[in-house]
Amino acid sequence: MVETPASSRECHRRGCDEPAAFVVRERYQEETGKGAVEAEAVLCRAHTAEEHPTNLDGVYAEYVFRVDPLPEAVSDDASSNRSNE
Ligand SMILES: [Zn+2]
C-alpha cells in the first residue's frame, strides 16, 4: 500500500507540491507479528524536518528510523573536485 512511484518526486504530504528532498524510512514490527514493515515517504525539506518516529510501539531489534537525502537533491560541490580522468 505504501508505494513511491519513481516518476513523481514531489513531497508526499497532501497539499504540498514542493520537490522532495529526502526519503524518510521507518522499519518496525507489525503488531500482528507478521514481520517487519517498511514505510517510506519522500518529503520536501520542511516536512522532513517535521518527521519523527511514529511506530515506536512496533520497535524491535532491527527497528530503523532513517532519513536519506535524495541523490538528485544533493548539490555535490564537495565532491566535484574529485579526480575524474
Ligand atoms: Zn512538503
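In this predicted model, buried residues account for 22% of the 85 residues in the protein. The accessible surface adds up to about 6700 Å², and carbon and sulfur atoms supply 45% of that area. Contacts were also sorted by how far apart the partners sit in the sequence. Among contacts with a separation of 6 or more, 58% link residues that are 24 or more positions apart.

The secondary structure is a good place to begin finding one's way around. The protein contains one helix and three strands, and reading along the sequence gives the pattern β-β-α-β. The strands form an open sheet with the order 2-1-3 and antiparallel pairing. Strand 2 (36-43) and strand 3 (64-69) are the edge strands, each of them pairing on one side only. On average, neighbouring strands of this sheet are turned by 15° against each other, with direction ignored.

Strand 1 (residues 22-29) can be followed from one partner to the other. Towards strand 2, the pairing is antiparallel and consists of eight bridges. Within this pairing, Arg25 has Glu40 of strand 2 as its bridge partner, and Phe22 stands opposite Leu43 in strand 2. The hairpin made by strand 1 and strand 2 has six residues between the strands, and Gly33 in this hairpin takes a positive phi near 75°.

Towards strand 3, strand 1 is again antiparallel, here with six bridges. Phe22 has Pro69 of strand 3 as its bridge partner, while Val23 is matched with Asp68 in strand 3. Phe22 is therefore a handy residue to look for in the structure, as it stands opposite Leu43 in strand 2 and is bridged to Pro69 in strand 3.The segment before strand 1 offers a contrast between two residues. Ala21 lies in this segment, and so does Asp17. Are these residues buried or exposed? With a relative accessible area of 15%, Ala21 falls under the 20% limit and is therefore buried. Asp17 is exposed because its relative accessible area of 57% is over the 50% limit. Each can also be placed against a residue further along the chain. The C-alpha atoms of Ala21 and Pro69 are separated by 6.0 Å, with their positions 48 residues apart along the chain. For Asp17 and Cys44, which are 27 residues apart along the chain, the C-alpha atoms are separated by 8.5 Å.

Attention now turns to the interior. In soluble globular proteins, nonpolar side chains tend to be buried together. Which residues make up the largest nonpolar core here? This core has six residues in all, namely Cys11, Cys16, Val24, Ala41, Leu43 and Cys44. Cys11 has a relative accessible area of 7%, which means that Cys11 is buried. Cys44 is buried as well, at 5% relative accessibility. How many disulfides does a search of the whole structure find? The search finds zero.

Leu43, another member of this core, can be described through its contacts. With neighbours within four places in sequence left aside, Leu43 is in contact with Cys11, His12, Arg13, Ala20, Ala21, Phe22, Val24, Thr48 and Glu51. Two of the names in this list, Cys11 and Val24, belong to the largest nonpolar core.

The helix completes the picture. His47 lies in helix 1 (residues 45-50). The relative accessible area of His47 is 17%, under the 20% limit, so this residue counts as buried. When residues up to four places away in sequence are not counted, His47 touches Cys11, Arg13 and Cys16. Cys11 and Cys16 are both among the residues of the largest nonpolar core, and Cys11 and Arg13 are also in contact with Leu43.

Methods: Residues are numbered from 1 along each chain as its sequence is written. This is a predicted model: local features need pLDDT of at least 70, side-chain atom pairs count only at pLDDT 80 or more; totals for chains, interfaces and linings use all residues. Side-chain values use heavy atoms; hydrogens and water are left out. A nonpolar core is a set of buried Ala, Val, Leu, Ile, Met, Phe, Trp, Tyr and Cys residues joined through side-chain atoms within 4.5 Å. Buried means under 20% relative accessible area, exposed over 50%, partly exposed in between (1.4 Å probe, protein chains only). Contact means heavy atoms within 4.5 Å. Two strands pair if DSSP finds at least two bridges between them. Helices (H or I, at least four residues) and strands (E, at least two) are DSSP runs, numbered from the N terminus. Axes are lines fitted to C-alpha atoms, for helices over the stretch in contact, and angles run from 0 to 180 degrees between N-to-C directions. Accessible areas come from the Shrake-Rupley method with a 1.4 Å probe; for residues, only the protein chains shown count as cover. A disulfide is a pair of cysteine sulfur atoms within 2.5 Å.
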